[in-house]
Amino acid sequence: MAFSRPSFFSPRVYRCNPFLFPTTFRSYWSGSSTSQWKFKRLSRKSFSAMAAVRGGFISPETSKSFDFTAEERIYSWWESQGLFKPNCDCGGDPFVISMPPPNVTGALHMGHAMFVTLEDIMVRYSRMKGRPTLWIPGTDHAGIATQLVVERLLASDGIKRTDLSREEFTSKVWKWKAKYGGAITNQIKRLGASCDWSREHFTLDEQLSRAVVEAFVSLHEKGLIYQGSYMVNWSPKLQTAVSDLGTKINKVPQIPPKFKKEVEYSEEVGSLYYIKYRVAGGSRSDFLTIATTRPETLFGDVAVAVHPEDERYAMYVGRQAIVPLTFGRHVPIIADKYVDKEFGTGVLKISPGHDHNDYLLARKLGLPILNVMNKDGTVNDVAGLYCGLDRFEARKKVWSDLEETGLAVKKESYNLRVPRSQRGGEVIEPLVSKQWFVEMEPLAEKALDAVKRGKLTIIPERFEKIYNHWLSNIKDWCISRQLWWGHRIPVWYIEGKDCEDYYVVARDESEALTVAHEKYGKGVKIYQDPDVLDTWFSSALWPFSTLGWPDVSAEDFKHFYPTTVLETGHDILFFWVARMVMMGIEFTGTVPFSYVYLHGLIRDSQGRKMSKTLGNVIDPIDTIKQFGTDALRFTLALGTAGQDLNLSTERLTSNKAFTNKLWNAGKFVLQNLPDESDLPGWENLSAFKIDTEESLLGLPLTERWVVSKLHELIDDVTSSYDKFFFGDVGRAIYDFFWGEFADWYIEASKARLYATEDLSITYVARAVLLYVFENVLKLLHPFMPYVTEALWQALPNRKSALIVSSWPNTSLPRDAKSVKHFESLQSLTRAIRNARADYSVEPAKRISATIFANDDILKHISSEKQVLALLSRLDIQNVHFTDSLPEHVKRSVHLVAGEGLEAYLPLADMVDVSTELNRLSKRLSKMQTEYDTLVNRLKSPNFVEKAPSDVVKGVQEKAAEAEEKITLMKKRLAFLESTVLVSD
């Protein structure tokens, strides 16, 4: 699987790394009296000549940084080798995840980048764990969106959809899909999605279309699908019903506002109109004032309602009101607790043809339903003289006429929650229309039970409450759409007969005709329902229809259903997730997945929703070109399940630097490994067994520490992967790699690689470097697949691709005592580095040190004398370890690195005392002047009394800080002066 790789280093040349070993350090070791620390330089030209590029992979040996243009070549290689397909030979429970099918019209946005990243992390981890792993990709036909796109294209040529036949129009849509539909798929590949593309599906595929028909027929046979005239959300522009996921009128769950709907509500400033409704048979003073936001719907009024406990109107209950502008049409005045006494005037006009709540109330009370609106948004003949006017024009005209007739009381500004079409943008019209519906309560009960019994786990858990609340108060689902693009409803009507009473449901036209002949006589003719099914109907079948259902004997269905995880944004918990659960249980008897993982939304650095209006949209492809796919993925994956993530250039830049850090570490490791043709060298490396307790305890302290920390990391990271704590995984690997492996072990290993000719010590360091680096690449691969695969392939003797390599074993040995001892060495190093910084010691200057500690600590730290000298820039010939105080205590900087561990650094080694005294005296004088200025301000009554309190507090804090620094400076000067006296 790995590509061939020519040699690049001989056993002795790689020991001398002139690119990562500082010139000053090389000079220091070369000037030492210890001959074995001398070494030769290697020219960049010689190094480059021996470097390698393995096939399509670039190598740190020839490339200064990871080249993002290599990502597509790496992806193509994975795919060409069949590495995305499930390996069923490995046994174990399969890991299966269905990709949320993006709209075929879509262009990649950060929401796609988020789900691709998280799902690919799950998939790559499971694949490396040895589970047969399948990620099923595909796209959604997106009924409304796709039809709109093609209609706009036709309109640019002066063609209307209605100018074409249905077949001609859908043919053009298929041609558009063939030309542009693959764009989103290619963009998803760019993100590294390791899907099995041989199993890619489209919701209008023949197989999935068969599943849709079977589901409709089955639900109808069970009495769960019915046709009727009910209130729906109508889009006058799109000329179709659209979905607004709601609940029963008396129980409305607190659905977060960012949950997706085909109907979106916007806060807009409108008007509240106050209108007089005269009481029939009363005097001119007998009238009810009604407040409404839609006066044009008064022609559809069938009653006027008040609250039964509202004493203001009790006298009118049971009488009749006259609807304005209707030439005396009377409607009853009724009492119902539904009326809100505090809203407006406490009197409500009931227009059941144009308001969801009024509609439900009318059905409860048996009131008639009047529709005053045509499907194009104009008012119909029920409105009399206003017939044919656009609804908004009718509103203006009605109000003007009410003013002329003296029935208009007032109009005032009012904040409205306006329903608008997500696709078309126009105001949605509640309208009674004949549609097909699914009865949801029987399906919802089973879906609720699945969570209650623990068969389905929702992550994060807080979304279970929302899921349960919505399903407990669910409305029937309107599944018909008045479109041409989509799954045609499998219903055929009898020509010349009433559609509601004379129809057949069948799997195809031939079956429909046979059934119709048997049911209604052989002479009848049939025609198919012109509507299509809601796009979400086919999406609800996605986890099992993509695996072969309704053919339950299909190999994929038998091996891979039920799936394991459903990962998606929390904004489609209702639209998609809950419906998949209901349909999966109904048609397969099994919950379609065990886990639902919900991610949050991507926002800009200020926490704002990304929008073209704000100009803050971040394009994933542009981001990849600038920062690389790995940096983008790593940034997105550090979020927390269900919580929104603020994306900033700073985060991306930081994680791009992490990619470069990995690359440079790989360069270091490669430069210090034996040549690939050096068989004895690789035999020695292979002979090192670092995964047993005996082999671990046989390592030097520094190696015992880093291997113990790695084994701890493997356990923690594996546990977090299994719990879906991906943010914890990323942070843990980042901290270990950068903070421990790169900053400490790589630096410490130079003492083994460049400062000794003892090959046994050198091989230990090489073996540990390779062992740790290999395992880090494995742990990080699900997050950053490209750079880790490139580095893996650059290593010699790779027998397989990293993507299918085995996951590191867990529960490997650790040595807690060694970790504690090395942490003491780290504390000592930090203390010495800080002292050097405090006294402005030149970086190249090597200083002396006496380490004072108890026997146990001295034993371990003294064994790493070379490491300590290297990391702390000490003169190795003048580093001493003792359990008694040194003679030069009073002329040394005293450091306490920890309990039982101290260091004394001779001051004369660090600075010229006289020069330092002069420098610090001048600095103290300047500090004193600044402090005095602050104190004088605080002594001024004008400042303290007149300045804002936060300003005064700020000056007080600065003064306290300055005073503390002056005290420390005086102590340092006193110490320096004392050393001069001691010297004298």
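A cavity here is a set of grid points where a 1.4 Å probe fits but cannot get out. Keep that in mind for the closed spaces below, and remember that this is a predicted model.

**Closed spaces**

By that definition, the second largest cavity holds about 30 Å³ of space. Its lining is made up of Met99, Pro102, Pro137, Gly138, Thr139, Ile184, Thr185, Ile188, Trp197 and Glu200. Two elements, strand S3 (138–139) and helix H7 (183–190), each put at least two residues into that wall. H7 has the largest share, with three residues. Sorted by class, the wall has six nonpolar, three polar and one charged residues.

The structure has two cavities of 30 Å³ or more, and the largest comes in at about 70 Å³. Here 14 residues form the lining, and Leu118, Tyr597, Gly639, Thr640 and Ala641 are the ones nearest the centre. Helix H4 (110–128), strand S23 (595–599), helix H19 (629–637) and helix H24 (726–753) each contribute at least two lining residues. What's the class split in this lining? It goes seven nonpolar, seven polar and no charged.

**An open pocket**

Now for a space that is open. The second largest pocket has a volume of about 840 Å³. It's lined by 26 residues, with Tyr771, Glu774, Asn775, Lys778 and Arg798 nearest its centre. Helix H21 (679–687) and helix H25 (759–780) are the elements that give two or more residues to this lining. H25 gives the most, six residues. Overall, the pocket lining divides into 13 nonpolar, seven polar and six charged residues.

Here are the three spaces side by side:

| Space | Volume | Nonpolar lining residues | Polar lining residues | Charged lining residues |
|---|---|---|---|---|
| Largest cavity | about 70 Å³ | seven | seven | no charged |
| Second largest cavity | about 30 Å³ | six | three | one |
| Second largest pocket | about 840 Å³ | 13 | seven | six |

**Nonpolar cores**

Which residues have the most contacts inside the largest nonpolar core? They are Phe741 and Phe783, in a core of 164 residues. Setting aside neighbours within four places in sequence, Phe741 touches Val706, Phe736, Ile746, Leu769, Val772 and Phe773. There's also a second, separate core of 68 residues, and its members include Ile474, Trp536, Phe537 and Ile572.

**Strand S29 and its partners**

Over at strand S29 (residues 901–906), five of the six residues are buried, so the strand is largely enclosed by the rest of the structure. Strand S28 (residues 892–898) runs antiparallel to S29, and six bridges join the two. One of the pairings across this hairpin puts Ser892 with Pro906 of S29. The hairpin has two residues between its strands, and Gly900 in the turn takes a positive phi of about 80 degrees.

S29 also pairs with strand S26 (residues 847–853), again in the antiparallel sense, over four bridges. In that pairing Phe852 stands opposite Glu902 of S29.

**Backbone oddities**

Two cis peptide bonds are worth finding on the model. The bond from Ile459 to Pro460 is cis, with omega near 0 degrees. Pro460 sits in the loop between strand S15 (457–459) and helix H12 (463–472). The bond from Trp549 to Pro550 is cis too, with omega near 20 degrees. Pro550 belongs to the loop between helix H15 (542–545) and helix H16 (555–560).

Then there are positive phi angles at residues that aren't glycine. Ser840 has a phi of about 55 degrees despite not being a glycine, and you'll find it in the loop between helix H27 (816–838) and S26. Arg873, likewise not a glycine, also has a positive phi of about 55 degrees. Look for Arg873 in the loop between helix H29 (865–872) and strand S27 (874–882). With a relative accessible area of 35%, Arg873 counts as partly exposed.

**A buried loop aspartate**

One last loop residue: Asp310 lies between strand S9 (303–306) and strand S10 (320–322). Is Asp310 buried or exposed? It counts as buried, because its relative accessibility is 5% and the cut-off for buried is under 20%. Not counting residues up to four places away in sequence, Asp310 touches Lys341 and Gly346.

Key: Residues are numbered from 1 along each chain as its sequence is written. This is a predicted model: local features need pLDDT of at least 70, side-chain atom pairs count only at pLDDT 80 or more; totals for chains, interfaces and linings use all residues. Side-chain values use heavy atoms; hydrogens and water are left out. Buried means under 20% relative accessible area, exposed over 50%, partly exposed in between (1.4 Å probe, protein chains only). Contact means heavy atoms within 4.5 Å. Two strands pair if DSSP finds at least two bridges between them. A nonpolar core is a set of buried Ala, Val, Leu, Ile, Met, Phe, Trp, Tyr and Cys residues joined through side-chain atoms within 4.5 Å. On a 1 Å grid over the protein atoms alone, a cavity is a set of points where a 1.4 Å probe fits but cannot get out, and a pocket is an open set with protein on both sides within 12 Å along at least five of seven lines; lining residues have an atom within 4 Å of a point. Grid points are joined across faces, edges and corners, and a volume is the space filled by probe spheres set on the points. Ala, Val, Leu, Ile, Met, Phe, Trp, Tyr, Cys and Pro count as nonpolar, Asp, Glu, Lys and Arg as charged, and the others, Gly among them, as polar.
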